[in-house]
Each structure stands twice: as C-alpha cells, then as structure tokens.
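Here are a few exercises to work through at your own pace, with the structure open beside you. Try each task before reading its solution.

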Amino acid sequence: MNAETTTPVMPNTTPRFSVVIPTYNRERLLPRTLDSVLAQTFTDYEVIVVDDGSTDATQQVVQQYLQTNPHVRYHLQQNQGACAARNQGSSLSSSSFLVFLDDDDAVDPTWLSTFS
C-alpha cells in the first residue's frame, strides 16, 4: 500500500466547495454516497475521498470514479482514524468552503446549492 497517494485537482480551477469524505472499508456503501454528490445541481465543487487504509476494494471503487469524473480526488493514507482522515481532507482542499460527508450517507441533489 502506498501511504501517500493523491490525485491532482481539476487543472486551473478553484472550486467553491470541497466535499471531504473520509472512508474505511466501505466498498459497498461508498458508490451510493459518491453518486449522490456527483448528482448535484450545483457544479462548482470537488470531492476529496480520503481512504484511511481500507483493506477491502474501496480503492478500486474510487479508481472507477476517478476515470470518469474530474470532480473526484483521492488520497490513500495509513489507518489513523476518521479525525485524521478529515484533517487530511481539509489540508488537501483547494476551495473557499469545506463540507464533510460520511461514507455511508447520501445527499439530495440540491444539497450544495443550499449552502450557496
């Protein structure tokens, strides 16, 4: 496992929101969460998935999203707990506003627009 893997943000853009999703062993639930965020009507955002050392197929799930969606970024770290994953997501954020979402949640398509 590479403990410091990141993917670059969309080139030459600064999104208004960073949605940080810390995750650990959620290969079955994470697609529902990501799909709900990626279905937002507000489109000026990035999604930062911080994988806290998952031992299941979470990384492969996120890799599929990375191939098809420029909003998604990924960081893999050694297991340190949810707080450390949130802090890492915060430090990777390049936006004006930061929001957190649990890896087993789903949001309404207008969720981000309620903040703007």
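**Exercise 1. Contacts of one core residue**

Leaving aside its neighbours within four places in sequence, which residues is Ile-21 in contact with?

Solution. Bear in mind as you begin that this is a predicted model. Start with Ile-21 and skip the neighbours within four places in sequence; the contacts then include Leu-30, Thr-33, Leu-34 and Val-37. Carry on along the chain and you meet Val-47, Ile-48, Val-49 and Val-50. The list is completed by Leu-101, Asp-102 and Asp-103.

Now widen the view to the core. The largest nonpolar core has 22 residues, and Ile-21 is among those that touch the most other members, together with Val-19, Val-37, Val-47 and Leu-112. At least two residues of this core come from each of β2, α1, β3 (45-51), α2 (58-68) and β4. With four residues, α2 gives the most to this core. Another core, of five residues, lies apart from it, and Val-20, Ile-48, Ala-85 and Leu-92 are among its members. As background, nonpolar side chains tend to be buried together in soluble globular proteins.

**Exercise 2. Reading the aromatic pairs**

Work out how Phe-17 pairs with Phe-42 and with Phe-97.

Solution. First, the count: the structure holds four aromatic pairs. Next, take Phe-17 and Phe-42, whose ring centres are 5.4 Å apart with 75° between the planes. An angle over 60 degrees counts as edge-to-face, and that is the label of this pair. Because Phe-17 lies in strand β2 and Phe-42 in the loop between α1 and β3, the pair ties together parts that are 25 residues apart in sequence.

Then turn to Phe-17 and Phe-97: 5.7 Å centre to centre and 35° between the planes, a tilted pair. Phe-97 is in strand β5 (residues 97-100), so this pair links parts of the chain that are 80 residues apart.

Finally, check exposure. Phe-17 is buried, at 2% relative accessible area, and Phe-42 also counts as buried, at 16%. Phe-97, with 43%, is partly exposed. Ring pairs join these three residues with Trp-111 and Phe-115 into a cluster.

**Exercise 3. Three loop residues**

Is Gln-77 buried or exposed, and which side chain does a polar contact join to that of Gln-77?

Solution. Locate Gln-77 in the loop between β4 (72-76) and α3 (82-92). The relative accessible area of Gln-77 is 2%; being under 20%, this residue is buried. The partner is Asp-52, at 3.0 Å between the side chains.

Staying in the loop between β4 and α3, find Gly-81. Gly-81 is partly exposed, with a relative accessible area of 25%. From C-alpha to C-alpha, Gly-81 is 9.1 Å from Gly-53, although 28 residues separate the two in sequence.

Last comes Asn-25, in the loop between β2 (17-23) and α1 (30-38). Asn-25 is not a glycine, yet has a positive phi of about 55°. This residue is partly exposed, at 27% relative accessible area.

**Exercise 4. Checking confidence**

What is the average pLDDT of the protein chain, and how many residues, as a percentage, score at least 70?

Solution. The chain averages a pLDDT of 91, and 90% of the residues score at least 70. Then look at residues 1-11, where the pLDDT is below 50. In the model, this stretch has 28 contacts beyond near neighbours in sequence.

Conventions:
Residues numbered from 1 in each chain as written. Heavy atoms only, no water. Buried < 20%, exposed > 50% of the residue type's maximum accessible area, 1.4 Å probe, protein only. Polar contact = N/O pair within 3.5 Å; in protein donor to acceptor, adjacent residues only side chain to side chain. pLDDT = per-residue confidence, 0-100. Contact = heavy atoms within 4.5 Å. Core = buried A, V, L, I, M, F, W, Y, C linked by side-chain atoms within 4.5 Å. Phe/Tyr/Trp six-rings, centres within 6.5 Å; stacked < 30°, edge-to-face > 60°.
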